[in-house]
Amino acid sequence: MIKKQQVRWNRWTVQPFLDVRVAVLNKTLAGSFRRLYPDFQPDNENHPMRLSA
């Protein structure tokens, strides 16, 4: 049997994830990418996703 390891979270490991989450919720993530990559164009900016039935 293999013992399952649990993830040990601390401020230094979780902070990058929180930063990305906040940027997504504030809709500023695309702007951050554009500063690093000026040609960045998101595929689905302001377009609702269509689901097929």
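This report describes the helices, surface and selected residues of a predicted model.

## Overall composition

The protein chain contains two helices and zero strands. Of its 53 residues, 2% count as buried. The chain exposes about 6200 Å², and carbon and sulfur atoms supply 57% of that area.

## Helix 1 and its two ends

Helix 1 covers residues 11–25. This helix has 15 residues, and the distance from its first C-alpha to its last is 20 Å. That span is close to the 21 Å expected at 1.5 Å a residue.

At the start of helix 1, a contact involves a side chain and the backbone: a side-chain oxygen of N10 reaches to within 3.0 Å of the backbone nitrogen of W12. At the other end, helix 1 is followed by K27, which has a positive phi.

## The loop residue K27

K27 lies in the loop between helix 1 and helix 2. The phi of K27 is positive, at about 60°, although the residue is not a glycine. As background, most residues other than glycine have a negative phi. K27 has a relative accessible area of 75%, and exposed means over 50%, so K27 is classed as exposed.

## A nonpolar patch and an aromatic pair

V7, W9 and F17 make a nonpolar surface patch of about 390 Å². V7 is placed in the segment before helix 1. Are the members of this patch buried or exposed? V7 has 56% relative accessibility and counts as exposed. W9 is likewise in the exposed class, at 54%, and F17 is exposed with a relative accessible area of 57%. Each of these values is over the 50% cut-off, which is why the three residues are called exposed.

The count of aromatic pairs in the model comes to two. One of them is formed by W9 and F17, whose ring centres are 6.0 Å apart. How are the planes of these two rings arranged? They stand at 85° to each other, and planes over 60 degrees apart count as edge-to-face, so the pair of W9 and F17 is edge-to-face. W9 and F17 thus appear both in this aromatic pair and in the nonpolar patch with V7.

## Helix 2 and the segment after it

Helix 2 consists of residues 29–36, and G31 is found in it. G31 has a relative accessible area of 29%, which makes the residue partly exposed. The C-alpha atoms of G31 and Q41 are 10.0 Å apart in space, while the two residues are 10 residues apart in sequence.

P42 belongs to the segment after helix 2. With 24% relative accessibility, P42 counts as partly exposed. Because buried means under 20% and exposed means over 50%, the values of G31 and P42 both fall in between. P42 and A30 are 12 residues apart in sequence, and their C-alpha atoms are 7.2 Å apart in space.

Conventions
Residues numbered from 1 in each chain as written. Predicted model: local features only at pLDDT ≥ 70, side-chain atom pairs only at ≥ 80, totals over all residues. Heavy atoms only, no water. Phe/Tyr/Trp six-rings, centres within 6.5 Å; stacked < 30°, edge-to-face > 60°. Buried < 20%, exposed > 50% of the residue type's maximum accessible area, 1.4 Å probe, protein only. Helix = DSSP H or I, 4+ residues; strand = E, 2+ residues; numbered from the N terminus. Areas by Shrake-Rupley, 256 points an atom, 1.4 Å probe, with all protein chains shown as cover. Patch = residues over 30% accessible without salt bridge, like charges linked within 9 Å, V, L, I, M, F, W, Y side chains within 5 Å. Salt bridge = Lys/Arg side-chain N within 4 Å of Asp/Glu carboxyl O. Expected span 1.5 Å × (residues − 1). Polar contact = N/O pair within 3.5 Å; in protein donor to acceptor, adjacent residues only side chain to side chain.
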